[in-house]
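Reader: I should like to see how each structural term is justified by its cut-off. Please show the structure and then take the terms in turn.

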Amino acid sequence: GLARFLGINLILLKIIIKGNKPNNLTPKVATLWYRAPEILLQIGKYSWQSDMWALGCILAELIIGKPILPVIIFIYYFYNFYWKIYFYFLGKNEINQFEIICNLIGQPNETIWPNFFKNKSSEKLIERVSNKYNNLMSLSRNISKSCLDLLNSLLVWDPKHRISVNF
């Protein structure tokens, strides 16, 4: 929100001083960990929905006590027990961060996010990931159903389907 606000004011100031047309908004508006998929992949324009994604990342971080998106979760089944192994690392770039998001909430498809497939590189990105399932519930055993529902409403691929803050 603040980056858009300041960005628009700076653009208006630039127009007034130099008479230039405004540039596109930057995809580097948020830390890579909190960047919404539409910003990360530069699909369409971003708005308040991008802030909702970042809010979901921060809420999950508060719940589990560590960042959620630099996490890859491997679940092994061995001798009737499930073993979770967590690997924490920073997304190195936008493609790597896309893979991390897919490991957490599953990969997008036509039903979940139709605009994703308007991107020229979408097929190549989908080939890089295999997880089709939402793993948010595996973040913590202590997460309540209502909190999980809120996270699932915030961390949605399609910005049009993210929860709103309108009253």
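**Core, rings and one helix**

Author: The largest nonpolar core has 29 residues, and those with the most contacts inside it are Leu41, Phe98, Ile105, Phe116, Leu136 and Leu155. Helix 4 (94-105) is among the helices that each supply at least two residues of this core, as are helix 2 (37-40), helix 3 (48-64), helix 5 (122-127) and helix 6 (145-154). The largest share, five residues, comes from helix 4. This is a predicted model, in which local features need pLDDT of at least 70 and side-chain atom pairs count only at pLDDT 80 or more, whereas totals for chains, interfaces and linings use all residues. Residues are numbered from 1 along each chain as its sequence is written, and side-chain values use heavy atoms, with hydrogens and water left out.

Reader: What makes a set of residues a nonpolar core?

Author: The members must be buried Ala, Val, Leu, Ile, Met, Phe, Trp, Tyr or Cys residues joined through side-chain atoms within 4.5 Å. Buried means under 20% relative accessible area, exposed over 50%, and partly exposed in between (1.4 Å probe, protein chains only). In soluble globular proteins, nonpolar side chains tend to be buried together.

Reader: Why is Phe116 called buried or exposed, and how is Phe117 classed?

Author: Phe116 has a relative accessible area of 0% and is therefore buried. Phe117 stands at 23%, so it counts as partly exposed.

Reader: What makes the rings of Trp113 and Trp157 a pair, and of which kind?

Author: Rings of Phe, Tyr and Trp (its six-membered ring) pair if their centres lie within 6.5 Å; planes under 30 degrees apart count as stacked, over 60 as edge-to-face and the rest as tilted. The structure holds five aromatic pairs. For Trp113 and Trp157 the centres are 5.9 Å apart and the planes at 20 degrees, so the pair is stacked. Trp113 lies in the loop between helix 4 and helix 5 and Trp157 in the segment after helix 6, so the pair ties together parts that are 44 residues apart in sequence. Phe116 and Phe117 form an edge-to-face pair, with 4.9 Å centre to centre and 85 degrees between the planes. Ring pairs link Phe98, Trp113, Phe116, Phe117 and Trp157 into a cluster.

Reader: How do you know which side of helix 6 is buried?

Author: Cys147, Leu148, Leu151 and Leu154 are buried in helix 6. Seen down the helix axis, the buried residues fall within an arc of 125 degrees (taken from the directions from the axis to the C-beta atoms), so they line one face of the helix. Lys145 and Ser146, on the other side, are exposed. The cover over the buried residues includes helix 3.

Reader: Which residues beyond its sequence neighbours does Leu136 touch?

Author: With contact meaning heavy atoms within 4.5 Å, and leaving aside neighbours within four places in sequence, Leu136 is in contact with Leu104, Ile105, Leu148, Leu151, Asn152 and Leu155.

Reader: How many disulfides are there, and how are Cys102 and Cys147 classed?

Author: A disulfide is a pair of cysteine sulfur atoms within 2.5 Å, and a search of the whole structure finds zero. Cys102, at 0% relative accessibility, counts as buried, and Cys147, at 17%, counts as buried too.

Reader: What is counted as a helix or a strand, and how many does the protein have?

Author: Helices (H or I, at least four residues) and strands (E, at least two) are DSSP runs, numbered from the N terminus. The protein has six helices and two strands, in the order α-α-α-β-β-α-α-α from the N terminus on.
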